[in-house]
Amino acid sequence: MERIPFARTVNYYETDRMGIVHHSNYLRFFEEARVDWLAQLGIPYDVLEQRGLMSPLLTSACAYHKPLTFGEPFRVCIMLTQYNGLRMTLAYRIERTTDDALCATGETSHCFVDAATFRPLRLQRAFPDAHAALVAAAREDA
């Protein structure tokens with residue numbers, strides 16, 4: 001399945017006094033892209049939550065390569081690097097679209113939990129459709 005990278009432009013409020021995107025916003029960009037990525041896989045996050053599933057963040061990391069500034073367009077490419085039915089790890093590349101410059105790379109890891117109890121859930125039993133979509137994405141990204 002052809003996935004389309006998440007794309008948008010930098011908002012003014014996302015920049016700091018130096019005129020570049022504040023470092024904390026890159027994690028927000030990761031989250032926006034992850035929500036879009038899940039929707040492209042056919043498992044929109046709001047639907048997962050309605051069905052009683054949540055996917056809290058376990059770890060996050062970001063390396064900054066080139067700054068983004070107000071008004072610059074960028075894209076976020078995602079790769080599923082690990083998935084075992086209970087946890088997943090995603091790798092991110094943020095690229096400026098005007099010149100394809102690599103601006104940031106990062107990684108987040110998540111687990112899957114029951115929204116009511118916060119107890120871990122194995123997707124293959126609780127949400128087989130979501131599990132199948134993530135297995136397929138992992139195969140494509142391998």
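How many bridges join strand β4 to strand β5, and in which sense do the two strands run? The points below take up that pairing and then move outward to the rest of the fold; the model is a predicted one.

1. **The β4–β5 pairing.** Strand β4, which covers residues 73–83, is joined to strand β5, residues 87–96, by nine bridges, and the two strands run antiparallel. Two positions let one follow the register by eye: Phe-74 has Arg-96 of β5 as its bridge partner, and Met-79 stands opposite Ala-91, again in β5. The two strands make a hairpin with three residues between them, and in that turn Gly-85 adopts a positive phi of about 90°.

2. **The β5–β6 pairing.** On to the next pair: β5 and β6 are also joined over nine bridges in the antiparallel sense, and here Arg-93 finds its bridge partner in Thr-105 of β6. This hairpin has five residues between its strands, with Asp-100 in the turn at a positive phi of about 60°. A colleague checking backbone angles may wish to look at Asp-100, since its positive phi occurs in a residue other than glycine.

3. **The sheet as a whole.** Taken together, five strands form an open, antiparallel sheet in the order β1-β4-β5-β6-β3. The edges are held by β1 (6–9) and β3 (57–64), each of which has a single partner strand, so that one side of each is left without a neighbour in the sheet. On average, and with direction ignored, neighbouring strands of this sheet are turned by 20° against each other. Within it, β5 is mostly covered, seven of its 10 residues being buried.

4. **Helices on the sheet.** Helix α1, residues 25–40, lies across β1, β3, β4, β5 and β6 (102–111), and its direction is at about 115° to β5. Helix α4, residues 128–141, also packs on the sheet, where it touches β4 and β5 and makes an angle of about 105° with the direction of β4.

5. **The nonpolar core.** The largest nonpolar core holds 33 residues, among which Trp-37, Val-76, Ile-94 and Leu-134 touch the most other members. At least two residues of this core come from each of α1, β4, β5, β6 and α4, and the largest share, six residues, is supplied by α1. As background, nonpolar side chains tend to be buried together in soluble globular proteins. For Trp-37, the contacts beyond four places in sequence are Arg-3, Ile-78, Leu-80, Met-88, Leu-90, Leu-134 and Ala-137.

6. **Helix α4 in detail.** The 14 residues of α4 should span 20 Å at 1.5 Å a residue, and the C-alpha atoms at its ends are indeed 20 Å apart, which agrees with that expectation. Its buried residues are Ala-130, His-131, Ala-133, Leu-134, Ala-137 and Asp-141. Viewed down the helix axis, these buried residues of α4 fall within an arc of 165°, so they line one face of the helix. The elements that cover them include α1, α2 (45–50), β4, β5 and α3 (123–126).

7. **Tyr-26, a buried position in α1.** Tyr-26 belongs to helix α1 and counts as buried because its relative accessibility is 2%, where the cut-off for buried is under 20%. Leaving aside neighbours within four places in sequence, Tyr-26 is in contact with Val-21, Cys-62, Tyr-64, Lys-66, Pro-67, Leu-68, Ile-94 and Ala-104. Between the C-alpha atoms of Tyr-26 and Leu-57 there are 15 Å in space, and the two residues are 31 apart in sequence.

8. **Loop positions worth inspecting.** Thr-98 lies in the loop between β5 and β6, and with a relative accessible area of 60% Thr-98 is exposed. The C-alpha atoms of Thr-98 and Arg-17 are separated by 23 Å, with these positions 81 residues apart along the chain numbering. Asp-100 sits in the loop between β5 and β6. Phe-118, in the loop between β7 (113–114) and α3, has a positive phi of about 60° although it is not a glycine, and at 49% relative accessibility Phe-118 counts as partly exposed.

Definitions and conventions: Residues numbered from 1 in each chain as written. Predicted model: local features only at pLDDT ≥ 70, side-chain atom pairs only at ≥ 80, totals over all residues. Heavy atoms only, no water. Pairing = 2+ DSSP bridges. Helix = DSSP H or I, 4+ residues; strand = E, 2+ residues; numbered from the N terminus. Axes fitted to C-alpha atoms, helices over the stretch in contact; angles between N-to-C directions. Contact = heavy atoms within 4.5 Å. Core = buried A, V, L, I, M, F, W, Y, C linked by side-chain atoms within 4.5 Å. Buried < 20%, exposed > 50% of the residue type's maximum accessible area, 1.4 Å probe, protein only. Expected span 1.5 Å × (residues − 1). Arc of directions from axis to C-beta.
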